Amino acid sequence: MARRKVIAGNWKMNMTPSQAKAFIEELYPCVKGKHGCDIVVCVPAINIPAVVKATAGTCIKVGAQNVHFAKSGAFTGEISADMLVDAGVKYVVIGHSERRQYFAETDETVNARTKAALDAGLKAIICVGELLSEREQGITEEVVAKQTKLALLDVTEEQMKNVIIAYEPVWAIGTGKTATAEQADEVCGFIRSVIAKKYGKAIANATAIQYGGSMNAKNAAELLAMPNIDGGLIGGASLKAPDFTVIVEAAQ
Ligand code: PGA
């Protein structure tokens, strides 16, 4: 059976709550009825109430961009999985390379956040990907295997149905340099083999593995046609409703 594609926008630190509401009002009529893939917008935390309200009853699901690993407590500035769930969030991006680079995210904290998200019933979009220097050294597979295995430490077979892996080569993020469809498919396929080793073929074949990194209206169709690419995590192009719509259409 074909895996269902997941097209997720990662807004990063863009849009105010009012802009977010206006954006959803523009986007929804464009993607309405396009039920061939899951459509998600991962928005800044402060936009969650406005976006949950604006997407109520639509095919657009709401995601967050981070989650803390503790249930609650003295973690000033942080947001727990229970808070996200209660606010109507269904997905959460974990371990994005920008968080690894600028906010001291490690494989260990990625794993802790993943478990907290899954325990709360959220779908976790776990980001993995190599640096340009790592690709040049020929250690891409080693890097993504390590990131994937460590992120999934103590994640149960049952919980794997709520796991999505986003393969995002760091050199392709926000640079306009996309991995070729073949490069992206090869690594997504490799990640699937890493999952198969731990959880078996059936679970690996059922797990959605997205590509992210300068996916846009022009290159989405080619990337999404590849057998191992089950959707996209889209930054820049997710901030323009017409471009995001073209990507959603390419995933139908
Ligand atoms: P980009 O970002 O599409 O702007 O390259 C992708 C991401 O960081 O998730």
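The largest pocket holds about 560 Å³ of space. Of its 21 lining residues, Met13, Gln65, Asn66, Arg99 and Phe103 are the closest to the centre. A pocket here is an open set of points on a 1 Å grid over the protein atoms alone, with protein on both sides within 12 Å along at least five of seven lines; a lining residue has an atom within 4 Å of a point. Grid points are joined across faces, edges and corners, and a volume is the space filled by probe spheres set on the points.

This is a predicted model: local features need pLDDT of at least 70, side-chain atom pairs count only at pLDDT 80 or more, and totals for chains, interfaces and linings use all residues. Residues are numbered from 1 along each chain as its sequence is written, and side-chain values use heavy atoms, with hydrogens and water left out.

**Pockets**

Helix α4 (residues 97–102) gives the most to the lining of the largest pocket, with 3 residues. Helices (H or I, at least four residues) and strands (E, at least two) are DSSP runs, numbered from the N terminus.

The second largest pocket holds about 280 Å³. It has 17 lining residues, and Lys161, Val163, Ala206, Thr207 and Ala208 lie nearest its centre. Two elements give two or more residues to this lining: β6 (163–167) and α9 (201–206).

**Cavities**

A cavity is a set of grid points where a 1.4 Å probe fits but cannot get out. The count comes to 2 cavities of 30 Å³ or more. The largest has a volume of about 40 Å³. Its lining is Thr148, Lys149, Leu152, Val194, Ile195, Lys198 and Tyr199. Both α7 (140–151) and α8 (181–199) give two or more residues to that lining. The most come from α8, with 4 residues.

The second largest cavity has about 30 Å³ of space. Gly95, Ser97, Arg100, Cys127, Val128, Gly129, Glu168 and Val170 line it. Here α4 and β5 (123–128) give two or more residues.

The table sets out the four linings by class. Ala, Val, Leu, Ile, Met, Phe, Trp, Tyr, Cys and Pro count as nonpolar, Asp, Glu, Lys and Arg as charged, and the others, Gly among them, as polar.

| Space | Nonpolar | Polar | Charged |
|---|---|---|---|
| Largest pocket | 11 residues | 6 residues | 4 residues |
| Second largest pocket | 8 residues | 2 residues | 7 residues |
| Largest cavity | 4 residues | 1 residue | 2 residues |
| Second largest cavity | 3 residues | 3 residues | 2 residues |

**Cores and helix α8**

The largest nonpolar core has 68 residues; Ile7, Val41, Ile191, Ile195 and Tyr211 touch the most other members. Helix α8 gives the most to this core, with 9 residues. A nonpolar core is a set of buried Ala, Val, Leu, Ile, Met, Phe, Trp, Tyr and Cys residues joined through side-chain atoms within 4.5 Å. Buried means under 20% relative accessible area (1.4 Å probe, protein chains only). Apart from this core lies another, of 12 residues, including Ala8, Val40, Ala166 and Ala208.

Helix α8 has 19 residues and reaches 26 Å from its first C-alpha to its last, close to the 27 Å expected at 1.5 Å a residue. The expected span is 1.5 Å times one less than the number of residues. Among the buried residues of α8 are Asp185, Arg192, Ile191 and Ile195. Gly200 follows α8, with a positive phi near 95°.

Conventions: Buried < 20%, exposed > 50% of the residue type's maximum accessible area, 1.4 Å probe, protein only.
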